[in-house]
Amino acid sequence: MDAARARTGMVDALRDGGRVCSPAVEEAFRAVPRHLFLPGLGVAEAYADEAVAVQFADGVATSSASQPSMMAIMLEQLDVRPGQRVLEIGAGTGYNAALLARIVGPTGAVTSVDIDEDLVDRAAVHLASAGVDGVELVVADGALGHPPGAPYDRIVLTVGSDDVRPEWLAQLAPGGRLLLPLAVRGSQLSTALDLGPDGILRSHSVRSCAFIRLRGAAASPEATTRLDGIGVALQVPDDGPRPDAAAVAGALADPRGHRDCTAALGPVDVWDGFGLWLALTEPGACRLLAVEPETALPDDLLPLGASSGTVGLVAAPGAIPGVAAVVLAGDDHSPLRVRASGPSGDALADRLLDALAHWTAAGRPGAPDWRFVAVPRGTDVDLPEPAAVVEKRHCRLLADLPDRAAG
Ligand SMILES: C[S@@+](CC[C@H](N)C(=O)[O-])C[C@H]1O[C@@H](n2cnc3c(N)ncnc32)[C@H](O)[C@@H]1O
């Protein structure tokens, strides 16, 4: 297949699908040949709307060329202008850095850092073969940003972070924008945060995403508790009480029946729709993830990308054990229903169904409906009470649904 034709097809699809909206982002995608950043891959694969893993450790991808539609969404969120100074954390193949360089033009500057020297070496080869100059590649732990190039008008992470680090804020120009795939109680959200004169970051837009997570100083493996013997891991908010794994496993092994959902709920609504709402507004919110092919929740976990899992409520540690979880109702995967397990499962199922009714009454908000304010630790401000507060090590994240009633 002809590379130019394949590239045109990819960009047309990104534009027609509403992923690419602005002329600047469209022009960059049309100009930069993705296949030169993925040598060894056929042209058709290089221009498919798929992420391509390019490095593995212990069978797990540690670097990838991101999915073009996600890159387009993030470039639109970033709103890069000609002449700006941009720091990218997560150079990978160098493809996104090339797109950024195209947008900032000759009067701007792009610095892209990756923690792996080998990846940076390969990205340099890709950039050279595509004839892109204007990208400074650096081998560094992006947790620390890259102070020599600061201040930056835009800082973008193309790798998942658990927190908003003070180093990035210190290197952001006044009024600058930080865009990062941020872990928020089990969801990962591409969050564009604008730095205000008061030192507070306010989100401009939020989208669901699924990026590889940071390694190095800011590494924070997803905090899950493996439930022995049933092939499932439990995830609860980092800033909440630690679960009693044995009690939860015992409850899950003790099914108490199903309840019909009071509202239509499909699998795609669950993770960053109802699940995010639950995680932000309900104590005891949890996510259950299949970590082995055979689980004790056989057919009823929801398909989630390559794996499966679901959301629900779990009894507090020390309380009467129980779990209520959203599960598949049958072979057609829709509608969903609630499964109660353990002695307090029925009461939790009542609460879960109530929460579902509230989420529905609020208009079924999803990731793009939430707004976040990141208040760096040590910053003293008086802000209105938000719908939810997520406590991070380096910031307090205030979550709200500006146009809807949360909680
Ligand atoms: C999804 S890939 C980035 C894709 C890249 N932007 C592209 O266009 O190909 C994530 C990258 O983040 C890098 N990474 C992980 N931890 C890092 C860290 N602490 N500092 C810098 N880069 C890091 C990985 O090595 C990986 O290459």
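The following is a short dialogue about how the features of this predicted model are named.

Student: What should I know about the model and its numbering?

Tutor: The model is predicted, so local features need pLDDT of at least 70 and side-chain atom pairs count only at pLDDT 80 or more, while totals for chains, interfaces and linings use all residues. Residues are numbered from 1 along each chain as its sequence is written, and side-chain values use heavy atoms, with hydrogens and water left out.

Student: What makes β4 and β5 a pair, and in which sense do they run?

Tutor: Strands are DSSP runs of E of at least two residues, and helices are runs of H or I of at least four, numbered from the N terminus. Two strands pair if DSSP finds at least two bridges between them. Strand β4, residues 109-114, has five bridges to β5, in the parallel sense, so the definition of a pair is met. V113 stands opposite V138 in β5.

Student: How do you know which strands stand at the edges of the sheet?

Tutor: The open sheet has ten strands in the order β5-β4-β3-β6-β7-β8-β9-β18-β20-β19, with mixed pairing. β5 (135-139) and β19 (388-391) each have a single partner strand, so one side of each is left without a neighbour in the sheet. The twist averages 20° from one strand to the next; axes are lines fitted to C-alpha atoms, for helices over the stretch in contact, and angles run from 0 to 180 degrees between N-to-C directions.

Student: Which helices lie on this sheet?

Tutor: Helix α6, residues 117-129, lies across β4 and β5, at about 165° to β5. Helix α9, residues 267-281, packs on the sheet, and the strands it touches include β7, β8 and β9. Contact means heavy atoms within 4.5 Å. The direction of α9 makes about 75° with that of β8.

Student: Why are β1 and β2 called a pair?

Tutor: Five bridges join β1, residues 52-57, to β2, and the two run antiparallel; a pair needs at least two bridges, so they qualify. Q55 stands opposite S63 in β2. The two strands form a hairpin with two residues between them, and D58 in the turn has a positive phi of about 55°.

Student: What makes a residue part of the shell around the ligand?

Tutor: A residue is near a molecule if one of its heavy atoms lies within 4 Å of it. The ligand is surrounded by 25 residues, with S63, T93, D114, G142 and R215 the closest. β2 gives the most, with four residues.

Student: Why does the approach of S63 to the ligand count as a polar contact?

Tutor: A polar contact is a pair of N or O atoms within 3.5 Å; within protein, one must be able to donate a hydrogen and the other to accept it, and residues adjacent in sequence count only if both atoms are side-chain atoms. An oxygen atom of the ligand is 2.7 Å from an N or O atom in the side chain of S63, so the cut-off is met. For T93, the distance from a ligand oxygen atom to a side-chain N or O atom is 2.6 Å.

Student: Why is the peptide bond from A150 to P151 called cis, and where is P151 found?

Tutor: The bond from A150 to P151 is cis, with omega near 0°. P151 is in the loop between β5 and β6.
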